[in-house]
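Thanks for coming. I'll go through one structure today, in two parts: a strand and its neighbours, then a pair of helices.

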Amino acid sequence: MVVGNWKMFFGPDPSRLLGLDAVVCPPFTRLADCVAAGLTTFAQNVHWDGEGAYTGEISPPMLLALGVTGSLVGHSERRQYFGESDETVGLRARGALNAGLRVVACVGETIEERRSGKTEHVLRRQLSVLEAHPNLVLAYEPVWAIGTGHTATPEVAQAAHAYIKSILDLPVLYGGSVKPDNAASLFAQPDVDGALVGGASLDIDSFTAICRAATRIPS
Ligand code: PGA
C-alpha cells in the first residue's frame, strides 16, 4: 500500500495519477476532485462524531458522502502543531472505523526520544489507544525523518515495524523522506508493508516510481 500525503499543498492533477495502485490524501478542498478522477481518496484528518459544534472539523459521514473511503489520523504534524493527543487520535480512529472509513494511524518518535532510548516506550504509548481492526493500517513515521531527507535506514525501520507488530498485528507503512531511490530497500524489509509519502507524492514521476517499487515486493 502506497499513500500520498499532499499536506497543505495544492498537489498534482489527479487525472495524471489514474492507474497507479495508490491512495491519495489531498487537502479537504481537493477531495472531490480526486474522487471524481477515480482515485482512492483519503482525508488527512477526521473528527470522531457524526456532527456537532466542532468548528473546523469534518465528520466521517461527510467524507463518506463525498466518496472518500478513509483518513489519516495522528500525523505527527497534527500532534506537534495542533495539540493532537494520543487520546484524540484514539477517538478519531475509533469514530472513523465505526463509521465505515479505512484508517491509517500514524505513530513515531522524535529525535530526542530516540536519542534518550525512549522509542519503544513512545510507540507503545501511542499504540495503546488503538485496537486491531480489519480497516486499520498503521504508519511508522519517525518525526526526525519527516521532510528532512534523513530517511530511517531499512534496518531501523524494520526494527521499529517489528516492535509495532509485536504490540498490534496490523500492516505497517513506513513514512519519512521516502523517495524513488530509497523505496525499494525499505520495501524489501519483511515488516515494511508500504509507504506513506509526503514530499515525493507531489511530483508525479517520483510518486509513480515509488508505486512501481512497491509492486515489486514479493508477496
Ligand atoms: P515526507 O513526509 O515524505 O515529506 O518526509 C512524510 C509524511 O509526513 O507523511
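How many of the six residues of strand S5, residues 102-107, are buried? Before I answer, keep in mind that this is a predicted model. Five of the six are buried, so strand S5 is largely enclosed by the rest of the structure.

Now the neighbours of S5. One is strand S4, residues 70-73, which pairs with S5 in the parallel sense over four bridges. If you want a place to start looking, find Gly70, which stands opposite Arg102 in S5. Another partner is strand S6, residues 136-140; S5 and S6 run parallel and are joined by five bridges. Here you can start from Val103, whose bridge partner in S6 is Leu136.

That's the strands. On to the helices.

Helix H6 covers residues 119-127 and helix H7 covers residues 154-167. Their axes come within 10 Å and cross at roughly 40°. An angle under 35 degrees would have counted as roughly parallel, and H6 and H7 are therefore oblique to each other. The crossing of H6 past H7 is right-handed.

Which residues make the contact? From H6 we have Glu120, Leu123, Arg124 and Leu127. H7 contributes Ala160, Tyr163, Ile164 and Ile167. Sorted by character, the residues of this contact come out as six nonpolar and two charged, with no polar ones.

To recap: S5 is largely enclosed, with five of its six residues buried, and H6 passes H7 in a right-handed crossing. That's it from me.

Note on methods. Residues numbered from 1 in each chain as written. Predicted model: local features only at pLDDT ≥ 70, side-chain atom pairs only at ≥ 80, totals over all residues. Heavy atoms only, no water. Axes fitted to C-alpha atoms, helices over the stretch in contact; angles between N-to-C directions. Helix = DSSP H or I, 4+ residues; strand = E, 2+ residues; numbered from the N terminus. Parallel < 35°, antiparallel > 145°, perpendicular 65-115°, else oblique. Left-handed = near helix turned anticlockwise from the far one by under 90°. Contact = heavy atoms within 4.5 Å. Nonpolar A, V, L, I, M, F, W, Y, C, P; charged D, E, K, R; others polar. Buried < 20%, exposed > 50% of the residue type's maximum accessible area, 1.4 Å probe, protein only. Pairing = 2+ DSSP bridges.
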